[in-house]
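Reader: Please give me a close look at the packing and pairing in this model. Keep it brisk, and define terms as you use them.

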Amino acid sequence: MNKKLISIVLIVFALSQCLILPAYAQKITATIQVDSAGKPISGDLFGIFFEDLNYAADGGLYPERVQNRSFEYSRGDNRNWNSLSFWQLLQNEKGAVSVSVETTAPLNANNPHYAVLTVKTKGDRNGLINEGFDGIVLAKGDKYNVSLFARVFSGNPGAIIVRVENPQGQSLGEVQLEGLKSQWTKHTAVIESKANETNARLVVLVSGTGKLALDMVSLFPQKTFRNRPNGLRADLAQVVADLKPKFVRFPGGCLAHGDGLENMYRWKETIGPMEQRKAQRNIWRYHQTLGLGYFEYFQFCQDIGAEPLPVVPAGVCCQNSGNYLNLVPRGQQGIEMDQMDEYVQEVLDLIEWANGPADSKWGAKRAQAGHPEPFNLKYIGVGNEDAITPVFRERFKMIYDAVKEKHPEITVIGTTGPGHSGRDFDQGWKFANELNLEMVDEHYYVSPGWFWANLDRYDSYDRDKSKVYLGEYAAHDSERRTTLRSALAEAAYMTGLERNGDIVRFASYAPLLGKLGHTQWNPDLIYFNNTKVFPTINYYVQQMFSLNAGDVYLPTEVKIEKLQAKKIGNGVLLGTWNTQAKFDNVKVTNGAGAVVDESFDDPAEDWETLSGQWQQSDGAYSQSSGQMPALSMRAFADDRSAYTVTLKAMKISGAEGFLIGFGALDRENFYWLNIGGWGNTTHRLEKSIDDVRSYFGPSVPGNVESNRWYDIKIQVTGKQIQCYLDGDLIIDITDDRGLAKGPDLSASTVRDTATGDIIVKIVSKSDESVKTAIDLSSLGTFESEAACAVLSGDPMAVNDAENPKTVVPQTSRVKVAPVFDYEAPPHSLTVIRIKTN
């Protein structure tokens with residue numbers, strides 16, 4: 001068989017020779033030769049992952065306007081909250097009204113708390129106010145469904161008036177609810193807003209006197225995404241839908257396995273009428289009403305043409321579980337084995353609920369919700385980032401065996417822990433191989449440099465073993481911002497995912513949503529407030545790949561030739577993090593002997609202050625600021641093959657210990673040994689690539705005491721790094737990749753067999769434009785123009801609320817011929833879509 005090939009040849013010119021490199025700048029030209037043969041890859045490669053953190057659901061995608069509508073908030077959600085949080089008492093005169101929360105006769109066991117208003121003096125302003133999630137947004141002419149449950153305990157409360165007001169107290173619409181009874185009764189009405197308002201409030205007024213109970217007080221827009229009842233916020237859902245994701249993973253994430261067994265996400269508690277769903281605390285330290293539940297997730301998937309991919313707990317809770325109120329760690333816990341059969345049945349019931357006929361037990365519940373047709377579930381995730389312990393393995397296997405026995409058509413996706421390597425990763429893969437799992441879920445959040453250095457990660461994966469779902473990933477840039485640099489690192493990595501689309505079946509960025517002012521995790525793909533949505537640059541990368549996906553990969557070979565080798569020196573750094581310290585007797589030896597021998601008796605002229613306040617005093621080199629980090633650097637001539645760094649260090653005061661840098665290429669690219677880091681609890685190696693740091697290797701427990709000298713030694717031999725503290729070996733690791741940053745350019749080419757289109761993607765992090773010759777001569781005939789989309793700009797640019805369109809895709813038409821030139825802009829992603837005949 002004639003193997004066709006797409007080859008990219010990069011010719012790289014070194015710009016300078018120097019002791020410590022100022023940058024990795026490269027002059028690049030590229031030749032891309034495109035032929036027609038290829039291999040099948042996943043047609044569902046790019047999707048999304050939704051988890052309710054950063055107020056992604058309540059106050060976000062789920063557009064309920066009332067916060068704490070069921071009076072179920074508690075200190076378990078947030079230490080400053082209670083059942084009346086976000087409600088205010090309103091009364092005509094002091095003492096006219098009192099409010100309490102009771103549990104004696106609730107709506108049902110899943111909704112145990114309710115508010116009780118006791119009105120002693122009749123008035124027109126007696127009741128409660130709710131200002132929603134940072135204010136209630138109303139649009140003029142839009143209609144909002146009002147609903148609440150009420151029960152009269154005593155007296156004659158009269159009618160309930162529900163009103164929406166502006167901040168000045170002017171009514172923007174109101175309704176009157178009558179016919180109150182001594183039993184819980186649901187009351188509904190519709191309010192049409194008289195004006196636009198972004199900071200409205202809901203007022204619930206009691207017109208008479210007596211004792212009245214209230215629960216499930218709701219104000220919900222009729223205009224939702226696809227106008228679904230209990231639907232999603234239309235503008236935010238549309239931005240998500242515009243990604244054209246091939247699948248949606250939900251509901252977590254850490255939310256799925258929960259903070260303790262009692263906090264696991266149980267799908268059955270999220271379906272049915274709102275008042276019957278079991279709201280609970282959110283592991284991200286707020287509240288989840290579960291108004292956005294399994295039915296709404298599945299309906300959204302169907303509305304946007306995406307495969308549903310629910311994740312259920314593997315019978316264990318998060319290994320980091322701890323009691324939030326008293327901060328007592330509990331760790332991973334498993335459902336008792338005598339209860340596991342019931343839990344396994346719960347998972348099987350989910351499949352019946354999604355796929356079963358409308359006359360089956362659980363299919364009937366789906367039909368009652370308004371969807372008699374099956375949802376055609378194909379995949380189910382079991383577990384999330386779980387520690388691979390005997391407790392986990394026993395319970396996972398029970399679930400897996402039961403699903404495969406009863407539903408062999410369902411693909412079960414396992415887990416390999418929270419990182420791209422390490423014990424749980426290795427054990428997770430070993431366990432997957434033992435069970436012959438169809439697919440496993442990998443997660444990692446790393447620096448942009450890591451992505452560029454690992455473009456070939458999946459090239460060597462065994463094609464006969466489990467497929468991969470890259471369920472959570474993101475490039476974390478400095479200050480965890482969504483920069484163009486981070487977006488292009490992800491884009492480059494995605495070209496590798498396409499190249500390995502035969503083994504990597506799914507991939508989803510994480511997290512998806514973040515509400516401004518309420519984020520527990522950054523960066524996120526889409527930011528929003530109550531009125532606007534702000535896609536990040538990273539969003540546009542995901543969208544450009546998703547809209548231009550293919551199902552055949554055309555092999556793309558990247559060749560880099562360095563015409564002039566660079567002389568690479570070395571450097572050491574001394575540093576602290578919010579800590580004051582002093583250093584002495586810094587010595588670096590290599591094959592030539594001592595190349596640095598600094599006792600600080602003489603002026604430290606060869607040291608360059610990068611940050612902090614450094615001075616020489618009393619025969620030592622001292623840092624006195626609280627800067628994070630405070631660094632001083634010294635460069636020296638070295639071939640980097642083998643060297644040893646020794647020194648003494650003393651902590652004077654502060655929060656942590658010492659940062660001892662070595663192997664420095666420049667001020668942005670180096671290793672450091674973090675001694676007493678992470679709140680003075682841990683020793684660990686980190687590396688900085690392009691000024692973005694990431695840790696690697698083992699984490700060693702340990703702390704640093706004040707006012708005593710420590711002897712520190714770092715020995716580097718080839719790829720081996722050995723670190724000693726007071727003569728004890730604390731870290732011994734081989735780092736195969738070193739400070740490799742990967743190439744400045746990555747590319748992939750796919751074919752969309754449905755249209756016949758050939759799609760070329762080019763990602764460049766070069767500071768200069770890249771002149772590219774593209775050879776299409778073997779493709780046959782094609783149109784003379786092609787669609788071209790380019791994302792380019794300052795690598796540190798961000799899209800934010802103040803400047804939401806700093807970097808957005810620019811589209812054009814480019815002339816194409818059997819061979820044509822294309823100049824890729826600096827720091828860019830280019831997608832060229834070529835129509836063939």
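Author: What follows starts with a helix, then turns to cores and strands.

The model is predicted: local features need pLDDT of at least 70, side-chain atom pairs count only at pLDDT 80 or more, and totals for chains, interfaces and linings use all residues. Residues are numbered from 1 along each chain as its sequence is written, and side-chain values use heavy atoms, with hydrogens and water left out.

Start with helix 3, residues 294-304. Helices (H or I, at least four residues) and strands (E, at least two) are DSSP runs, numbered from the N terminus. Ten of the eleven residues of helix 3 are buried. Buried means under 20% relative accessible area, exposed over 50%, and partly exposed in between, with a 1.4 Å probe and protein chains only. The buried residues include Tyr-294, Phe-295, Phe-298, Phe-300 and Ile-304. Polar names appear too: Glu-296, Gln-299 and Asp-303 are among the buried residues. What covers them? The cover includes helix 1 (234-241), strand 16 (247-250), strand 19 (307-312), helix 4 (337-355) and helix 5 (361-368). Gly-305 follows helix 3, and its phi is positive, near 70°.

Helix 4 also packs on helix 6 (residues 390-406). The angle is about 40°, and the axes lie 10 Å apart. Axes are lines fitted to C-alpha atoms, for helices over the stretch in contact, and angles run from 0 to 180 degrees between N-to-C directions. Helix 4 is therefore oblique to helix 6. Angles under 35 degrees count as roughly parallel, over 145 as roughly antiparallel, 65 to 115 as roughly perpendicular, and the rest as oblique. The crossing is right-handed: the near helix is turned clockwise from the far one by less than a right angle, whereas anticlockwise would be left-handed. Contact means heavy atoms within 4.5 Å. On the helix 4 side, the residues that meet helix 6 include Met-337, Met-340, Val-344, Val-347 and Ile-351. Their counterparts in helix 6 include Glu-394, Arg-395, Met-398, Ile-399 and Ala-402.

Glu-342 is also found in helix 4. Glu-342 has 63% relative accessibility, so it counts as exposed. Its C-alpha atom is 61 Å from that of Glu-785, 443 residues away along the chain.

Now the cores. A nonpolar core is a set of buried Ala, Val, Leu, Ile, Met, Phe, Trp, Tyr and Cys residues joined through side-chain atoms within 4.5 Å. The largest has 129 residues. Tyr-294, of helix 3, is among those with the most contacts inside this core. Trp-353, Phe-396 and Leu-829 are others in that group. Leaving aside residues up to four places away in sequence, Phe-396 touches Ala-314, Val-382, Val-412, Gly-414, Phe-431, Leu-435 and Leu-437. Apart from this core lies another, of 40 residues. Val-588, Trp-607, Trp-614 and Phe-662 are among its members.

Val-588 leads to strand 33, residues 579-590. Two strands pair if DSSP finds at least two bridges between them. Strand 33 and strand 39 (residues 642-654) run antiparallel, joined by ten bridges. Lys-587 has Thr-646 as its bridge partner there. Three bridges join strand 33 to strand 37 (residues 620-623), again antiparallel. In that pairing, Phe-583 partners Tyr-621. Strand 34 (residues 593-598) pairs with strand 33 in the antiparallel sense over five bridges. Val-588 stands opposite Val-596. Two residues separate the two strands, which form a hairpin.

Strand 14 (residues 197-206) has eight of its ten residues buried, so the rest of the structure largely encloses it. Strand 8 (residues 127-130) pairs with it in the antiparallel sense over four bridges. Ile-129 partners Val-203 there. Strand 9 (residues 136-138) adds two antiparallel bridges, and Leu-138 stands opposite Glu-197. Strand 11 (residues 160-165) is joined by six, also antiparallel. Ile-161 faces Leu-205 in that pairing.

Last, an open sheet of seven strands runs in the order 35-38-32-40-41-42-43, with antiparallel pairing. Strand 35 (608-609) and strand 43 (692-701) stand at the edges with a single partner each, so one side of each lacks a neighbour in the sheet. Strand 42 (residues 682-689) pairs with strand 43 over seven bridges. One of the partner pairs is Ile-689 and Val-692.
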